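Biologist: I'd like a guided tour of a structure that is new to me. Could you put it up and take me through how to read it?

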Number of protein chains: 2
Amino acid sequence: MANARYDVIGIGNALVDILVEVEDTTLVEASLPKGGMMLVERSDSDSLYKTLPAGIEKSGGSCGNTMAGLAALGGKGAYIGKVCDDQFGDVFRHDMTAMGVDFPTAAAAGGPGTGKCLVLVTPDAQRTMVTYLGAASDFTPQDISVSAIQAAKVLYLEGYLFDRDAAKAAFIASAEAAHAAGREVSLSLSDGFCVDRHRDAFLDLVRNHIDILFANEHEICSLYQTDDFDTALIAAKKDCKVACLTRSEKGSVILSGEEVHVVQAQAVAKVVDTTGAGDQFAAGFLYGYTQGYDLAQSAKIGGILAAEVISHYGARPETDVKSLVETMLGA
Amino acid sequence: MANARYDVIGIGNALVDILVEVEDTTLVEASLPKGGMMLVERSDSDSLYKTLPAGIEKSGGSCGNTMAGLAALGGKGAYIGKVCDDQFGDVFRHDMTAMGVDFPTAAAAGGPGTGKCLVLVTPDAQRTMVTYLGAASDFTPQDISVSAIQAAKVLYLEGYLFDRDAAKAAFIASAEAAHAAGREVSLSLSDGFCVDRHRDAFLDLVRNHIDILFANEHEICSLYQTDDFDTALIAAKKDCKVACLTRSEKGSVILSGEEVHVVQAQAVAKVVDTTGAGDQFAAGFLYGYTQGYDLAQSAKIGGILAAEVISHYGARPETDVKSLVETMLGA
C-alpha cells in the first residue's frame, strides 16, 4: 500500500444537516417513526420544514462523518459526493476541506440544490432523520475521480447511495478503478432497510467487489436473510476478505480468513446520542488499518471513536480523539 | 395603542451566523481585533472563511435576535429585512416564521446572496464578528411594508443599517409611516463606531423621529461626544420621550420627562458570553412596554432577558423566559 496520496477516499451522500429540537407530538403528526431515517421528495421535505421550529445547520452525511473522524485522527482523506453551487454546497465543501479532507467533485450548476437532512431531536435525545437528497441523488459514474480513487489505500463506499441505479454503476466503476491500481475497497451497509430493498445487488457487490465490509447486526442479518447472527457471520466470512461486524455495547467481531477477533466495546460513562457510532467505528478501523495496525488494534481504535461520539450529541468527534487513541493504545 | 396586529415590528440586517471555534492566532493572522464587529466585502469574507475550521450555521442579526426574544416572551412581532432567494435566505425566513414572527419582506431574486456573519469564538469565549451584508446592504425604502409598520404598536430600528444612505432613507420613511398611524418609533444605536461614522445623521434621527432610544454607555457617550455618562444622560433626556441606557453589570437607567428609574442588573451566576445582551434588553423592555407595564417594570424584564442570554453561548434565549419573567415579576 505504498505511494498512496490518501489513506481513505470515501463516496457518500453529501448532505447538510438541519438540527431541530421537537416534541414527540411533531413525529406523531408527521407520521414519522422515531429513530427512523427516511428519504423524501423535495415537496415533503419543504412542507415538513415549514412546521418545524428554528434549527441549526452543519455539514453531515454518513460518509462525511467518517471522513471527519479519519481526519481528526490525523489520517489523510478525500471525499467524493455531489453538491450544488449554492450556500449549503459551500458549507459542505468548506467544512470538508477545513478538516483537511480533499473534495475533488465539482459542484453542479443549478439543479435541485444541495441535499439536506432534517434531524428531529426529541426530548429523549433520539434522532429521527428526514432526508431530501437533492444533488446527491444525481450521482453518476461521471462524478467519480479515478485518479483520486487510485491514489487512496482504501476506497470507502456509503451503502445509502445504493438506492439509485446510476450510483450503483458508479460504485462498480469506482471499485474496479481501485482494484486496477492494487487498492482495496470497503463498504458500509448503512441501513438494514436499504439492504432489504436491494439485497441481490448488495450481495453481488459484496461478493465481487468488496474487500472490507462494515455492518451492524441488523444489517448483516438482513443481507443474509437470517435472524441468527452466527449464521450471518459465517456467510460474511466467506464473502469478504475482512468483515467488521459491530454489535453496539457488545463490541465488534472482526473476521478475516481463519482469524476471528472478538473486541470488547469501549466503556462509556453515559450514552447521550448514538448517531454516528457506525460511521466513527469505520473511521477508526480504517485509520488503524491504513496505518498498519493489526485487525484487533484497528477494531479497538474504531471502538474508541464510537464510544467518544455516543458520549455527546452529534455524529462527529468533539474531543481530541488522536490523543485519546494514543493514550488508550499505549495503555 | 389599541387595534395593533403586532406588538413590535423590527427592521434589521438579516444575517445567517456561521459559528466557528478558532485559536487566538487566527485573529492575529487575519488582523482582527478580538471582540470586534467589522463589515467586509464578499471577497474578504470568502477568503477568511477558506482559512477557518468547520462551523455551524444559524439565523442571527441583532434585530432578528431581539424579535426572537420578544417572541419567546409571547409578544407578537414582525420583521423586515432583506434576504436572497437562496438557502441561507430560506433558513433565515424559516427560523423567524417558526418563532411566530411574521416576515413580510420578499426575498430578492439572484443578487449578492443572503448576508452572513462569521462569528469567531476564541477559547476565552469571546466572539469576533466579520460580517458580509450581502442582500441586507441593498435595503431601500421599497423594501418596507407600510401596512405592517402601521399595524405595530412600536417600530424598532437596528442602528447597524444606518451605514447606507438608502437604508437611512428607509428608516425615515418607516418612522414617518409609523407616526402617521399614531404608533411609536424606537432605535437601538447598536455600535459606538457606527455612531461615530454618522453622528449628525443619528442626532437628526434621534431628535426628529425617535420616541424610545436604546443605547449602552459607550454608544450614548459617542452620540453626544462626551466622556461623562451624566452629561450624555441629560442630553438624551431632552432628545427622546424615553431613553433606555444600559450599563452592563450596573443595570440600566430609564429616563422619560421628569421620570428617572435606576434599575439594578439581574444577578448572573456566571457570565458565559455577552453577545446579545443589548438585543435581549430591548426585547424584554419592548415586550413590557407594549403589554402596558410601567417603565421600571419593563426595564426589569429587559434585565431578566439580558441576564438569561449572557449565562449561555448564543444571542437568543434558550430557557423558558416567559415563565422566568412571570416568576420574577410576581416575586
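Modeller: Let's start with how the chains are related. Turning chain B by 180 degrees, with 0.1 Å of shift along the axis, superposes it on chain A with an RMSD of 0.1 Å. Such a fit is done by least squares on the C-alpha atoms of residues with pLDDT of at least 70 in both copies. Bear in mind that this is a predicted model: local features need pLDDT of at least 70 and side-chain atom pairs pLDDT 80 or more, while totals for chains, interfaces and linings use all residues. Residues are numbered from 1 along each chain as its sequence is written, and chains are lettered from A and ligands numbered from 1 in the order in which they are written.

Biologist: What relation do those numbers describe?

Modeller: That of a two-fold axis. In chain B, the C-alpha nearest the axis belongs to Glu57(B), 2.4 Å from it.

Biologist: How many residues does each chain bring to the contact?

Modeller: Two residues count as in contact if their C-beta atoms, placed from the backbone, lie within 7 Å. Here chain B brings 17 residues and chain A brings 17 residues. On the side of chain B that touches chain A, β4 (56–59) and α4 (87–98) are the elements giving two or more residues, and α4(B) gives the most, with 6 residues. The same surface serves both copies, as 100% of the contact residues of chain B recur in chain A.

Biologist: Where do labels such as β4 come from?

Modeller: They are DSSP runs numbered from the N terminus: helices are H or I with at least four residues, strands E with at least two. Strands pair if DSSP finds at least two bridges between them. In chain A, 8 strands form an open sheet with mixed pairing, in the order β5-β1-β8-β9-β10-β11-β12-β13. Its edge strands are β5 (77–80) and β13 (259–263), each pairing on one side only.

Biologist: In which sense do β11 and β12 of chain A pair?

Modeller: Antiparallel, over 4 bridges. Cys244(A) stands opposite Ile254(A) in β12(A).

Biologist: And in chain B, is β10 buried or exposed?

Modeller: A residue is buried if 20 or more other C-beta atoms lie within 10 Å of its own, exposed if 12 or fewer, and partly exposed in between, with C-beta atoms placed from the backbone. For β10(B), residues 212–216, 5 of the 5 residues are buried, so the strand is largely enclosed by the rest of the structure. In a regular strand, side chains alternate between the two faces of the sheet. Ile212(B), Phe214(B) and Asn216(B) are buried on one side of β10(B), Leu213(B) and Ala215(B) on the other. β10(B) pairs in the parallel sense with β9(B) over 3 bridges and, again parallel, with β11(B) over 5 bridges.

Biologist: How do I read helix packing, say α3(B) against α11(B)?

Modeller: Fit axes as lines to the C-alpha atoms over the stretch in contact, then take the angle between N-to-C directions, from 0 to 180 degrees. These helices pack at about 45 degrees, with their axes 8 Å apart. That makes α3(B) oblique to α11(B); under 35 degrees is roughly parallel, over 145 roughly antiparallel, 65 to 115 roughly perpendicular, and the rest oblique. The crossing is right-handed, a term for the near helix being turned clockwise from the far one by less than a right angle, with anticlockwise giving left-handed.
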